[in-house]
Protein chains: 2
Amino acid sequence: MARLIVDSRESRSGLALLLASRGADVVSEELECGDYVLADGMAVERKTATDFIASILDRRVFSQLLNLKTAYPRAFIVVEGNLFGTRSMISEDALLGAMSYISVIESVPILTTSDTGQTASLLLTMQRHAIEGLGYEIALRGGKPRDRRPGAQFLVEGLPGVGPTAAKKLLLHFGSAQAVFAATPEQLRAVPGVGPKTITAIREVLDFEVRG
Amino acid sequence: MARLIVDSRESRSGLALLLASRGADVVSEELECGDYVLADGMAVERKTATDFIASILDRRVFSQLLNLKTAYPRAFIVVEGNLFGTRSMISEDALLGAMSYISVIESVPILTTSDTGQTASLLLTMQRHAIEGLGYEIALRGGKPRDRRPGAQFLVEGLPGVGPTAAKKLLLHFGSAQAVFAATPEQLRAVPGVGPKTITAIREVLDFEVRG
DNA sequence: ACTTCCGATCCTTGA
DNA sequence: TCAAGGATCGGAAGT
């Protein structure tokens, strides 16, 4: 049986035990993203339905997706439990929108199961399909180097009054996050969409004097 | 709104009416395969959960899939209703196996909804996403602070490997967010709790070259 | 994800 | 030319 890597944070879950009890060659590793690596370049992010919805509301899932896709060519999401049964505050449109976004735009398949036992079966089957489908098993190795662009944008979005759009413009204009933070007010003024109010707020945060 | 083609056999279904009632430009055509064409080369096969399971049992779904994939580069399956709730003769393994096969080997995404209304919403959203994309950017950061003081810490926490504790230490050590971002690796090493791996990651994000 | 709301930015006007 | 006003865009917060 092929090797199956479980993220160490996930390794205490019932699912990891289940996989092992079914004869999988489970090893635990600290993964930078994803929960299960089924084959070379193939990883699964597993979420309970409640988790999945929560991670849509706080946008966590979207950045995870970005990381997962850059680290593994074949990324999957497995959602455990009934997505539509959870009493949650999410609007139906938002939930369907997220599913469409993930499938259509990000091209990451979403698999669903109803409980942990099914998830275990599914992961093992997916692994078998991946390996047999390819006709051979490839040696497992870590993902390729991480794309730092989302990180840079994430950082810049921490500035007050700066969202995704302004962050992109700032990074493009200055070339790097470092340069954005080193920019003078006059230089910032040159970026369209960044006005006086925003500039003041930005400088206040950057120059704020911290003392013990 | 873009045109949405419905297979003529499907056109009398409630779903087609729903789509039209929501303002979609629905036209009926006799399609070789697939039920809905959302965009050029993008089609959806829609099945109720019961249907889906039946089509697994008689293997119909696999040939349909093959046809769908050759006719349309982007093929999707939408399953309506609870896959695991139906009292059917299918074994759990067979169902999961089929889902894995479709996702892993055939690479056809399976979307699920709980009723026809949701399917309609989903199809319209998928169409929009396919044609226009999201139309906006997803903010990578949720829940920004409003005051300036936590603002500096919040900003620094955006660095990889830096949480609240490390952010506090960095700010105390350097005096301001601006200074933290200007720090050289050697200077960063002087801060307890910030190791070489973190420093490398930090510099990579700060120095990442952004180009259009 | 979607929606709504609010404030900032930008652009036009008109004195 | 510039100030005031209004249209538009983007960010923030809530579901």
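This briefing describes the protein surfaces around two DNA strands, C and D. The model is predicted, so that local features need pLDDT of at least 70 and side-chain atom pairs count only at pLDDT 80 or more, while totals for chains, interfaces and linings use all residues. Residues are numbered from 1 along each chain as its sequence is written, chains are lettered from A in the order in which they are written, and side-chain values use heavy atoms, without hydrogens and water.

**DNA strand C**
- DNA strand C is surrounded by 21 residues (a heavy atom within 4 Å), and the closest are A:Ala94, A:Gly193, B:Arg128, B:Tyr136 and B:Ile138.
- Of the strand C atoms within 4 Å of the protein, 76% belong to sugar and phosphate.
- A polar side-chain atom of A:Thr198 is 2.8 Å from a phosphate oxygen of strand C, a polar contact (N or O atoms within 3.5 Å).
- Polar backbone atoms of A:Pro196 and A:Lys197 each lie 3.5 Å from a phosphate oxygen of strand C.
- Helix α4(A) (helices are DSSP H or I runs of at least four residues, numbered from the N terminus) gives the largest share of this surface, five residues.

**DNA strand D**
- The residues around DNA strand D include A:Leu57, A:Arg59, A:Met89 and B:Lys144.
- Sugar and phosphate make up 81% of the strand D atoms within 4 Å of the protein.
- Phosphate oxygens of strand D lie 2.8 Å from a backbone N or O atom of A:Gly163, 3.1 Å from a side-chain N or O atom of A:Thr165 and 3.0 Å from a polar side-chain atom of B:Lys144.
- Helix α7 (residues 164–174) of chain A provides the largest share of this surface, three residues.

Notes. Polar contact = N/O pair within 3.5 Å; in protein donor to acceptor, adjacent residues only side chain to side chain. Helix = DSSP H or I, 4+ residues; strand = E, 2+ residues; numbered from the N terminus.
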